[in-house]
Amino acid sequence: MRKFLKWLGISVTAAVLLVGGYYTYSIYHFTNQISVASGQDSKFKPQAQTQTNVQPVEVSLPPEWDGTERVNILLLGGDSRGEDSGRSDSVMVASIDPVTKKATLMSILRDTYVNIPGHGQSRLNAAFSYGGPDLTRQTVSDLLGIPIQYYVYTDFNGFIALVDSVGGIDLDVEKDMHYTSKADKHQFDIDLKKGMQHMDGKTALQYVRFRHDATSDFTRTERQRKFITELGGKIQSTSSLIKLPSILNSISPYIETNLSTMEMLQLASLGFNIDAKTVVKQQIPPNELVREENIKGAQVLGVDERKLKGFIQNLFEQENKPVTTTVDAATKTNDTP
């Protein structure tokens, strides 16, 4: 009996070490595959320069994060179909206070009229086509008045792979959604019915991309914040943690970040200590600061940047106050853009 127990103990220990080693290797391999900080080539390929009188600009290096100050991460969803870099279809900033373990998720309206360093003024989503994640990071940092240390970028294929890898998401679709496009040979058509449903990657992509509402991108970004919160909760679940090596392997070809391996591990540990239900969600610019403008025949969204920077600082101050509601901050004024 003693021999059996000894053999059993050795076997269990060996199994634990093997499993632990497999997880460690999977994480290390994943972080090295997606990080430009580890020497990987960027997946981004700038579009050909079509503007005239544009001066080359050196994008500033991101500020270092010491692990104790607030960290801001740019989350970029590109509209690339895997063939080119495209534009940024979704622009979000996740802001985390590592001391209080509180977080704010801000989705930035892509038609916001901003100054793009070296390229003059244009819609925000043009920054990505000019200079990729780094130029977008600097543009958003200047707009919000906060240091943005990191970025994480993925495209349509990466989004689909991530949702499928966690087994999909259960979500209540607030209304029927329908849209067709010949440009993509109907590959990314949208056809959703109102009500609770289980979404795989392709269905979820339809949900977060739909913008044919009376308030267009305003309600679309609201849906994106809703979905990202649900996805974050799903990733934190035990079932997803068990499947972690498989999840990482399926999404690694479609993700790029400037986070190093150690920074990713540090932030992952921080992220699992944050309750997804307490995350403050906010549209940027908020409706009360947005003004519709026509610039050279193009409809854009103007904003007083000084007031916006003040709004952001106040948002962070409010973040640490007791939570009384989980309603998306932007829904309070979303009836009128």
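Start by selecting glutamine 224 in this predicted model and showing what surrounds it: leaving aside residues up to four places away in sequence, glutamine 224 touches Asp89, Ser90, Met92 and Val208. Now zoom in on Ser90. The side chains of serine 90 and glutamine 224 are joined by a polar contact of 3.3 Å. Is glutamine 224 buried or exposed? Its relative accessibility is 6%, and because buried means under 20%, glutamine 224 counts as buried.

Next, widen the selection to residues 217-235. This is helix H5, the home of glutamine 224. Try a distance between the C-alpha atoms at its two ends: they lie 26 Å apart, which agrees with the 27 Å that 19 residues should span at 1.5 Å a residue. Then colour the buried residues of H5; among them are Phe218, Arg220, Arg223, Gln224, Phe227 and Leu231. While the helix is on screen, a reminder may help: an α-helix has 3.6 residues a turn, so residues three or four places apart point the same way.

For the next stop, go back to Val208, one of the residues that glutamine 224 touches. Val208 belongs to H4, where it is among the residues that meet H3. Select residues 156-165 for H3 and 201-209 for H4, and you will find the two helices packed at an angle of about 120°, their axes 8 Å apart. That angle makes H3 oblique to H4, and the crossing is right-handed.

Finally, show the side chains where these helices meet. From H3, pick Phe156, Phe159, Ile160, Val163 and Asp164; from H4, pick Gly201, Lys202, Ala204, Leu205, Val208 and Arg209.

Technical notes. Residues numbered from 1 in each chain as written. Predicted model: local features only at pLDDT ≥ 70, side-chain atom pairs only at ≥ 80, totals over all residues. Heavy atoms only, no water. Helix = DSSP H or I, 4+ residues; strand = E, 2+ residues; numbered from the N terminus. Buried < 20%, exposed > 50% of the residue type's maximum accessible area, 1.4 Å probe, protein only. Polar contact = N/O pair within 3.5 Å; in protein donor to acceptor, adjacent residues only side chain to side chain. Contact = heavy atoms within 4.5 Å. Expected span 1.5 Å × (residues − 1). Axes fitted to C-alpha atoms, helices over the stretch in contact; angles between N-to-C directions. Parallel < 35°, antiparallel > 145°, perpendicular 65-115°, else oblique. Left-handed = near helix turned anticlockwise from the far one by under 90°.
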